[in-house]
Amino acid sequence: MRPRMLRARLQAVRAALAGALVGGLVGTFACALAVAPAWAQPAPAASASQAPPAASCPPTAQMPSPDEAQAGLKNARDRGFLWRITKDGRSSYLYGTVHVAKADWMYPGPQTMRALIGSDTVALELDLLDPALQRRMAEAIAARHDSPLPPALALRLQRQAQVECLAPEQLAGLTPMLQIATLNALAGRRDGLDPAYGIDLVIAGIAHGAKKAIVSLETPELQLDSFADEPGTPTAALVESGLDELESGRARPLLNKLVRLWAESDEAELGRYESWCDCLKTEADRRAMRRMLDDRNPALAAGIDALHLGGKTVFAAVGSLHMFGPQGLPALFARRGYQVERLGPGRKE
């Protein structure tokens with residue numbers, strides 16, 4: 001093939017790939033707005049007397065136009081935490097994400113994008129853009145029945161939802177702990193942090209747009225188990241602790257710090273999360289944290305390992321807090337005999 005024809009062919013391939021990536025990003029927002037309305041838009045409260053003033057409601061997430069998405073991809077820089085894991089002469093990747101982010105942060109930087117596009121399989125905690133998985137998640141949520149809250153605590157939960165401009169139906173059907181998790185995820189919207197810009201959703205959108213094989217490493221039921229009642233620890237105690245953080249205003253700066261450290265790829269400080277989060281005050285808090293992170297990590301590692309040993313090159317994107325400590329995924333893969341290399345800002349590929 002002549003050099004001019006080869007250059008033209010390469011340009012056409014790049015243009016097609018860019019179109020797929022942009023389409024995937026825009027599709028991500030369309031899905032996020034459809035399946036998670038509480039993430040994306042304020043809704044009227046139950047009555048005018050209960051509704052907060054419109055001016056006090058957080059801003060709504062904005063879907064990027066194709067041109068905006070194209071520019072965002074072009075100007076993106078690497079954020080978050082990226083590792084290359086190598087075994088049997090083949091490399092896969094671990095990428096630590098955040099579930100809420102700012103609009104400008106959601107576009108993968110060059111090194112992250114090369115790892116993502118160079119992998120044939122994308123592994124996520126859950127592929128929330130999969131309609132079948134969405135239905136399964138809805139059915140699993142509907143089947144959950146936690147212990148009822150005392151009336152005073154239920155009223156506090158309702159009032160906190162009103163602060164976030166959520167109508168009762170937007171949290172209806174969720175267990176109290178899932179409601180607390182949702183309100184925590186929404187706590188940074190007034191600072192530009194929104195689950196609609198969540199990195200996991202964006203990675204899923206790009207993977208769908210680029211026609212990658214996509215694997216969910218967990219099930220909706222398993223993730224929901226992380227929020228279930230723990231024997232000997234009443235739901236009311238954990239809900240009250242969560243509401244204390246939200247009502248006092250402590251949850252918002254904590255979320256801001258966590259995602260800022262992700263954006264700055266500050267591995268040392270985020271790795272010390274448990275020492276400064278002020279979120280592990282009781283043994284129940286510590287058990288809940290272990291269930292959310294350490295207890296899930298071996299199965300996540302086993303799923304990624306099976307894909308890699310099966311001949312796949314894997315880009316595995318999971319929450320950043322799964323990456324740190326002796327039970328973090330990089331440490332688990334080192335113990336499985338992989339060569340583990342930290343990539344990202346300031347590091348060579």
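## A buried aspartate

D78 is buried (under 20% relative accessible area with a 1.4 Å probe, protein chains only) yet has no salt bridge; that would take a side-chain nitrogen of Lys or Arg within 4 Å of a carboxyl oxygen of Asp or Glu. The nearest side chain of opposite charge is R114, 5.8 Å away, with Lys and Arg taken as positive, Asp and Glu as negative, and His and chain ends not counted.

What does the side chain of D78 reach instead? The backbone nitrogen of Q111 is at 3.1 Å, and the side chain of T112 makes a polar contact with the D78 side chain at 2.8 Å. Leaving out residues up to four places away in sequence, D78 also touches others, including G109, S265 and P345 (heavy atoms within 4.5 Å).

## How to read the model

This is a predicted model, where local features need pLDDT of at least 70, side-chain atom pairs need 80 or more, and totals for chains, interfaces and linings use all residues. Residues are numbered from 1 along each chain, and side-chain values use heavy atoms, without hydrogens or water.

## Two disulfides

Counting cysteine sulfur pairs within 2.5 Å, there are 2 disulfides, paired 1-2, 3-4 along the chain. C57 and C165 have their sulfur atoms 2.0 Å apart, and the link is left-handed at -95 degrees about the S-S bond. This pair ties together parts 108 residues apart in sequence, and both cysteines are buried.

The other disulfide joins C277 to C279, again with S to S at 2.0 Å. Its torsion is about -75 degrees, so C277–C279 is left-handed. C277 counts as buried at 5% relative accessibility, while C279 is partly exposed at 25% (partly exposed runs from 20% to 50%).

Technical notes
A polar contact is a pair of N or O atoms within 3.5 Å; within protein, one must be able to donate a hydrogen and the other to accept it, and residues adjacent in sequence count only if both atoms are side-chain atoms. Helices (H or I, at least four residues) and strands (E, at least two) are DSSP runs, numbered from the N terminus.
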